[in-house]
Amino acid sequence: MMLRDELIQRMDTLLEPEAFKDYTVNGLQVEGRREVRKVMTGVTACQALLDEAVAWGADMVLVHHGFFWKNEPSTVTGMRYHRLRALIKHDINLVAYHLPLDAHPDMGNNAQLGAEMAWYRTHVLDGPVGRGVVWKGRTSKPFEHDTLAAKLEARLGRAPLVIQAHQRPIQTICWCTGAAQDMIELAWQNGADAFVSGEISERTTHIARELGISYFAAGHHATERAGIRELGNWLARDTGVEHRFVDVDNPV
């Protein structure tokens with residue numbers, strides 16, 4: 001058993017949320033019981049994950065995508081009411097870490113994706129929202145586009161959408177998990193053959209083609225499962241709390 005505030009302090013120290021200009025609240029979002037024995041992790045605090053947490057008897061739900069996003073309505077009605085009601089009724093804490101979990105050098109989403117794909121990181125690139133949000137590195141050897149796409153599918157369980165903007169093999173690569181498609185110009189400015197992220201927008205196709213940098217949309221959910229799971233594993237090793245990761249399927 002650990003006290004909620006001590007667990008959050010440990011994660012704050014590890015992830016340093018104050019270093020980021022995020023679109024949401026990092027740390028404790030909904031207060032539950034003070035004592036924590038069981039922590040459930042998942043990518044998003046959707047109703048399906050919260051229902052699993054209630055059934056399992058979780059004391060804390062720890063996610064990458066929590067509540068209270070910038071420019072969202074502030075009313076507590078409909079879907080938002082039912083999610084909050086589940087947490088409050090069962091005295092469950094909701095804790096979320098967004099950009100700090102993307103960028104962490106060891107257990108972050110970018111770090112986990114790079115390790116999974118065996119990409120050698122050369123350095124990290126700072127963006128307007130914080131440090132190290134885009135990573136740059138090299139593949140183990142030059143890859144043709146279809147080979148890299150097949151490797152992403154094999155590792156992540158989802159076929160990427162590929163915008164091929166040139167014919168040369170890919171070796172210098174930039175990546176940022178999730179909805180980071182607009183970081184493609186930063187990747188191009190840093191000499192990448194390709195940029196890998198989670199989602200794609202209509203404009204991304206034209207930007208990739210006109211700049212001559214290929215784009216791989218490997219899935220928002222698929223590229224961001226590993227970070228929150230690793231954070232939960234670290235918490236269990238460090239504090240002894242019981243941890244369970246639940247993967248609520250999402251094709252996006």
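This is a guided tour of a predicted model, moving from the whole chain to a few charged side chains.

**The whole chain**

Begin with the entire chain in view, coloured by secondary structure, where 10 helices and 13 strands can be found. Taken along the principal axes, the C-alpha atoms fill a box of roughly 55 × 40 × 30 Å. The radius of gyration is 19 Å, which agrees with the value near 18 Å that a compact globule of 252 residues would have. Switching to a surface display shows the area that the chain exposes, about 11,500 Å², of which carbon and sulfur atoms supply 48%. Beneath that surface, 54% of the 252 residues count as buried. Among contacts with a separation of 6 or more, 66% are between residues 24 or more positions apart.

**The charges**

Next, select the charged side chains, of which 27 are positive and 32 are negative, with the centres of the two sets lying 1 Å apart. Side chains of opposite charge can pair when their charged atoms come close. A search of the whole structure finds 12 salt bridges, and some of them are the next stops.

Select Glu-16 and Arg-131, whose side chains meet in a salt bridge with an N to O distance of 2.5 Å. This pair links distant parts of the chain, 115 residues apart, since Glu-16 sits in the loop between helix H1 (4–15) and strand S2 (27–30), while Arg-131 belongs to strand S8 (residues 130–143). Glu-16 is partly exposed, with a relative accessible area of 32%, and Arg-131 is also partly exposed, with 40%.

Move on to Arg-37 and Glu-35, which form a salt bridge whose closest N and O atoms are 3.6 Å apart. Arg-37 is partly exposed at 47% relative accessible area, and Glu-35 counts as partly exposed at 33%.

Then select Arg-237 and Glu-230, where the side chains meet in a salt bridge at 3.3 Å, N to O. Arg-237 counts as exposed at 57% relative accessibility, whereas Glu-230 is partly exposed at 21%. For a network, select Glu-6, Arg-10 and Asp-238, which are joined by salt bridges that share partners.

**A buried arginine**

Finish at Arg-83 in helix H3 (residues 78–89). Which side chain of opposite charge is nearest to Arg-83? It is Glu-72, 6.9 Å away, and Arg-83 has no salt bridge although it is buried. To see what surrounds Arg-83, leave aside the neighbours within four places in sequence and select Ala-45, Cys-46, Gln-47, Leu-50 and Phe-67, with which Arg-83 is in contact.

Methods
Residues are numbered from 1 along each chain as its sequence is written. This is a predicted model: local features need pLDDT of at least 70, side-chain atom pairs count only at pLDDT 80 or more; totals for chains, interfaces and linings use all residues. Side-chain values use heavy atoms; hydrogens and water are left out. Helices (H or I, at least four residues) and strands (E, at least two) are DSSP runs, numbered from the N terminus. Buried means under 20% relative accessible area, exposed over 50%, partly exposed in between (1.4 Å probe, protein chains only). Lys and Arg count as positive and Asp and Glu as negative; His and the chain ends are not counted. A salt bridge is a side-chain nitrogen of Lys or Arg within 4 Å of a carboxyl oxygen of Asp or Glu. Contact means heavy atoms within 4.5 Å. The radius of gyration is taken over C-alpha atoms; the globule rule is 2.2 Å times the number of residues to the power 0.38. Accessible areas come from the Shrake-Rupley method with a 1.4 Å probe; for residues, only the protein chains shown count as cover. The place of a charge is taken as NZ of Lys, CZ of Arg, CG of Asp or CD of Glu.
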